[in-house]
Amino acid sequence: MTTETRRPAQRKLTRKGQETRRRIVAAAATLMYERGVTEATLEDVRAAAGVSGSQIYHYFADKQELLLAVIEFQTEAVLDMQKPLFAGLDTLKGLRQWRDALVEYQLRLQCRGGCPIGSLGSEVAETNPEARLAAASGFLRWESAIRDGLQKMYDRGELDTDPDDLALAILAALQGGLLLTQMQRQVRPLEVALDAMLDHVAACVKRP
């Protein structure tokens, strides 16, 4: 069964229907984030969202469809949080402001939870190809946002390296830093990983 045929709930919904669907997805996102995909049952989601079982199945054919919606929900949440900063990633100052915001956010979370996209992606990567691709797509969007700023620097003649490779390296360092920050419950791994990458970007900036 294809993704397209499994998604009747994505046809036109009333405003109330959209709100109900979003409440279900948000509840599922919280439960999957806290407990993991396997442990978060549809019954748990129903109770947390305050809806009936029939309502869940009205909007989602099965747990797989709900999982895909959660991955999209978490991707949007992660990117929306950074959106105001993405426009400044074409300068070293803007890159450092983005770095500071990511570090500050982890401090507010007390270094718990890691990356919502990464947590879901690592859990489903070896068992659920469709969900793995959905999480990978989220990372590609994140990488693209980073690359757009670096590409502007490159186009202005300021950056002396491949923006594609550099954006991928920054995202990889960010993900590694987030994982170690989660494991160690201290923000230093994220700081070190991002600082190393931004020092590399600075070294690649052409001097007048």
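1. A word on terms before we start: two residues are in contact when they have heavy atoms within 4.5 Å of each other. Keep in mind too that this is a predicted model.

2. Trp98 is a good place to begin looking. Leaving aside residues up to four places away in sequence, Trp98 touches Gln82, Leu85, Phe86 and Leu89, and also Trp142, Ile146, Ile170 and Leu174.

3. Now zoom out to the core around that residue. The largest nonpolar core has 59 residues, and Trp98 is among those with the most contacts inside it, along with Ile24, Leu66, Trp142, Ile146, Leu150 and Leu174. Helix H4 is the top contributor to this core, giving 9 residues. As background, nonpolar side chains in soluble globular proteins tend to be buried together.

4. Which residues of helix H2 are buried? In this helix, which runs over residues 42-49, they are Leu42, Val45 and Ala49. These residues sit on the same side of H2, because the arc they cover around the axis is only 55 degrees. They pack against three helices: H1 (15-35), H3 (53-59) and H4 (63-86). Right after H2 comes Gly50, with a positive phi near 70 degrees.

5. Next, the pocket. The largest one has a volume of about 290 Å³. It is lined by 19 residues, and the closest to its centre are Tyr33, Val78, Tyr105, Gly114 and Pro116. The elements that each supply two or more lining residues are H1, H4 and helix H5 (92-108). H4 gives the most here, with 6 residues. As for character, the lining splits into 13 nonpolar residues, 5 polar and 1 charged.

6. Two loop residues deserve a look at their backbone angles. For context, most residues other than glycine have a negative phi. Gln110 has a positive phi, near 60 degrees, and is not a glycine. Where is Gln110 found? It lies in the loop between H5 and helix H6 (116-124). Gln110 is exposed, as its relative accessible area is 56%, and the cut-off for exposed is over 50%.

7. The other one is Arg185, again not a glycine, with a positive phi of about 55 degrees. Look for Arg185 in the loop that links helix H8 (163-184) and helix H9 (188-204). Is Arg185 exposed or only partly exposed? With a relative accessible area of 42%, Arg185 counts as partly exposed, since that class lies between the 20% and 50% limits.

Definitions and conventions:
Residues numbered from 1 in each chain as written. Predicted model: local features only at pLDDT ≥ 70, side-chain atom pairs only at ≥ 80, totals over all residues. Heavy atoms only, no water. Buried < 20%, exposed > 50% of the residue type's maximum accessible area, 1.4 Å probe, protein only. Helix = DSSP H or I, 4+ residues; strand = E, 2+ residues; numbered from the N terminus. Arc of directions from axis to C-beta. 1 Å grid on protein atoms, 1.4 Å probe; cavity = no way out; pocket = protein on both sides within 12 Å on 5 of 7 lines; lining within 4 Å. Points joined across faces, edges and corners; volume = space filled by probe spheres on them. Nonpolar A, V, L, I, M, F, W, Y, C, P; charged D, E, K, R; others polar. Core = buried A, V, L, I, M, F, W, Y, C linked by side-chain atoms within 4.5 Å.
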